[in-house]
Amino acid sequence: MEQDELAGRLRALQELSGLGVRALARDTGLSSSSLSRYLSGQTVPPWPAVVALCRLVKRDPRPLRPLWERSSNPLPAPPKASRQVPPRPRNDLPRDVPDFTGRQDQLADLLAAVRSHQVVAVDGMAGVGKTCLTVHAAHRLAADYPDAQLYADLHGFTEGREPMTPDSVLRMLLGALDVPSERVPQEGLEQLAACWRAELAGRRAVVVLDNAADAEQVRPLLPGAGPSVVLITSRNRLLGLDEVPPVSLDVLSPQESAELLTRASGADVRLSKDPDSAAEVLRLCGHLPLALRLAAARLRHRPGWTVGILAERLSQGTGEFDAAFAMSVRQLDRSQARLFRLLGLLPGGTFDEYVVAALADLPLAGARVMLEDLLDAHLVQQPTTGRYRLHDLVHQHARRACAEEDSQADRERALSRFLDYYVHAAAAADAAMPVLAPGRSASAGRPPAELPRFADKNHAIAWLTAEYENMIAAFETADAVGADLHVCELPRFLRAYFARRCGTTHLNYLFERSLAAAQRLGDPLQLAEAHSDLGFARYNAGRMAEAAAAYEAAELHGDTPELALRRGYLSWDEGHAEEPLELFRLAAKLYEESDCPTGAAHAAASEAWSLLQLGHRDQAAQRAREVLDIPHPDPAWPPTLTARITLGVAIATEAPDESMEHLNRALALAREDGHMNNEAWCLNCQGVALREMGRYEEALASHREAFALLDALFEDHWKIRFLNAYAETCRLAGLPDEALHLHRQALELAPTLGYRHEEALAHEGIATLLQTTDPTTAAEHRTAAQSMLVRL
């Protein structure tokens with residue numbers, strides 16, 4: 001029965017915590033006797049108790065919600081709108097080589113380690129075939145792990161760039177699983193790793209972590225409970241991961257090397273005719289799979305060559321690797337060789353034909369043809385359609401060749417084109433995602449001849465996800481070479497993407513460095529925007545005092561419509577009443593004067609919401625309808641969402657059917673858009689509207705669903721916006737104890753976050769609830785509320 005199944009799931013959580021009943025009760029705030037009944041199945045726990053147990057072990061409680069509802073049969077929640085299901089699971093694995101040779105014992109060891117430990121680490125020298133073996137194994141495992149097949153290059157040994165941080169890798173992997181940013185912790189590697197483990201726990205996924213630098217880089221990326229598996233490669237033995245079984249690779253045996261050279265080259269007749277030269281080729285390649293494949297490619301594409309010629313060309317190189325690489329490069333024409341060398345300037349991740357065209361100052365079609373030539377020469381790899389990469393060893397060779405053969409001026413011009421491309425491409429992607437009020441267009445450098453085209457925000461997000469690593473590398477490069485205007489502008493065009501996928505921690509870091517660049521430039525406009533951008537990043541991270549300081553610094557350089565809008569958000573959350581309305585109106589006026597109707601719509605929607613909070617329902621409804629009359633191709637456009645919520649609450653009593661139509665539509669849009677914080681906001685406002693209609697049971701169900709979402713997201717700071725409204729619904733629904741508990745939660749949370757108006761409302765709510773049972777305490781709370789409102 002469901003109750004026993006729920007108890008079993010709770011016991012699994014206890015086992016995961018490693019705590020006894022008393023210690024578990026202490027850490028979750030539950031009584032040990034109650035907890036014993038929950039774990040034994042004698043009693044169905046209240047939902048907050050389930051959430052508390054899940055949060056203790058950093059597991060997502062939402063998968064338990066249906067089972068808990070069936071066990072306890074609470075008030076039914078309103079049906080959720082169906083979410084879009086992606087057409088197929090994510091598969092990022094590079095292509096499996098068709099001529100995989102040897103390694104049967106190592107492959108068997110790897111698969112056995114996966115079955116016994118879920119994690120395996122493959123180590124060996126550069127070019128020995130670690131990635132080839134691991135990717136081959138991952139393809140073998142894909143059928144048994146159908147939910148996702150993920151690949152991440154950790155760049156532990158990529159020349160010219162630092163290894164990826166665990167924080168960046170986790171955000172990239174969570175983005176690959178389409179985990180909304182609202183569910184991704186914004187600060188703390190431990191919390192981020194817990195979120196990753198929770199996501200893997202509910203999936204059967206295979207994850208390849210390629211080129212790990214050391215154990216510390218990998219440890220936060222390992223799975224916890226659940227069936228998912230992780231395959232790691234590294235040039236070093238990861239001695240710090242005692243629990244992870246290693247599989248070490250050596251060079252191929254002479255027999256395996258000969259077999260690989262034969263299969264990869266298709267030149268079995270030529271090889272058999274000259275066994276001595278064939279043996280010399282194997283020796284010169286050091287029996288390394290990478291060098292053997294490059295040599296085989298030359299033999300395959302040169303039917304007139306004998307094996308002796310191949311051995312002679314290889315012997316002219318300077319080492320096992322460079323011999324093969326240099327020989328391959330010598331077969332290129334001048335323009336192909338130039339492009340290959342310039343690719344060494346790229347940061348080392350995957351790239352597309354657009355950035356190659358910009359880097360080498362080529363037409364897009366010409367870049368595409370040359371990339372195909374380099375692909376045929378095995379100097380470039382194509383892990384997925386439209387994406388290319390250089391193997392680490394090839395990348396090092398190209399980088400050294402570029403430094404030796406291209407002038408410093410040519411290298412600097414190519415690097416400038418690379419930086420220009422990413423600023424302007426990011427600006428184009430940002431323009432396709434109207435999440436925030438629009439800012440300035442890109443002014444850094446020169447726009448490239450060709451940019452990707454983004455049909456909608458989904459295409460833009462997909463491109464930004466693929467290019468995220470390169471854009472961060474471009475930012476670091478710009479900062480290192482003193483391209484301060486690029487440093488100022490690039491993070492500005494990543495705000496919308498960060499809001500959906502990456503959280504705010506890294507964005508705060510980028511904007512801190514943008515401000516330093518703006519200070520070096522001394523441009524008042526760049527300084528104003530940099531302070532404003534940093535303030536907005538601080539605000540979204542819940543750092544209100546720092547946000548206010550940044551906005552004040554921005555104001556010194558003049559008010560802009562975006563700054564006025566942002567100051568309005570902050571002023572409202574700080575608890576001011578009239579000031580936000582004035583700021584939103586100022587923003588609307590400034591946007592209209594600058595002929596920016598999109599920004600004016602953002603300001604008008606915020607103005608409508610502010611009017612509603614001040615009790616001016618008719619004016620709020622009228623302003624919201626004006627916003628809804630503005631056409632826009634994206635129905636989930638933020639002004640539309642804000643206007644529908646505002647209008648739904650404003651007309652709740654006079655037009656309940658229309659009110660619910662707007663609120664239900666807003667909720668559906670938030671769900672379709674994948675923005676779970678907005679979904680919680682919609683549900684809470686729906687609860688307020690239903691309460692005003694006198695439909696208390698439905699109102700309570702909406703509030704409870706909103707808070708279940710927030711509990712699952714671990715977004716405690718969002719609760720302060722909803723707690724007092726939920727409490728008022730409880731009071732009117734005849735649940736005074738629950739209302740008092742919620743008001744006290746608000747009173748505890750509000751001062752720490754700087755939400756003074758909510759603090760005053762909590763005092764007033766408590767006073768109302770206690771006025772008959774404890775008039776002395778009620779008077780104290782009412783006095784505190786009035787004192788705070790006077791100060792506000």
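What percentage of the 792 residues in the protein chain is buried? Buried residues make up 56% of them, in what is a predicted model.

**View 1. The whole protein chain and its secondary structure.** Here's the lot: 40 helices and eight strands. Measured out along the principal axes, the C-alpha trace spans about 105 × 65 × 40 Å. The radius of gyration is 30 Å, which agrees with the value near 28 Å that a compact globule of 792 residues would have.

**View 2. Contacts in the protein chain.** Take the contacts between residues at least 6 apart in sequence: 68% of these join residues at least 24 apart.

**View 3. Surface and charges of the protein chain.** The accessible surface comes to about 32,800 Å². Carbon and sulfur atoms account for 51% of that area. As for charges, the protein chain has 82 positive and 107 negative ones. Their mean positions sit 3 Å apart.

**View 4. Helix H4, residues 47-56, mostly covered.** Zooming in on H4, we find seven of its 10 residues buried. Trp47 is one of the buried residues, and so is Cys54. Between these two in the sequence, the buried residues of H4 are Ala49, Val50, Val51, Ala52 and Leu53.

**View 5. Lys58, just after H4.** Follow the chain past the end of H4 and you come to Lys58. What phi does Lys58 take? The angle is positive, at about 60°.

Note on methods: Residues numbered from 1 in each chain as written. Predicted model: local features only at pLDDT ≥ 70, side-chain atom pairs only at ≥ 80, totals over all residues. Heavy atoms only, no water. Helix = DSSP H or I, 4+ residues; strand = E, 2+ residues; numbered from the N terminus. Rg over C-alpha atoms; globule rule 2.2 N^0.38 Å. Buried < 20%, exposed > 50% of the residue type's maximum accessible area, 1.4 Å probe, protein only. Contact = heavy atoms within 4.5 Å. Areas by Shrake-Rupley, 256 points an atom, 1.4 Å probe, with all protein chains shown as cover. Lys, Arg positive; Asp, Glu negative; His and termini not counted. Charge placed at Lys NZ, Arg CZ, Asp CG, Glu CD.
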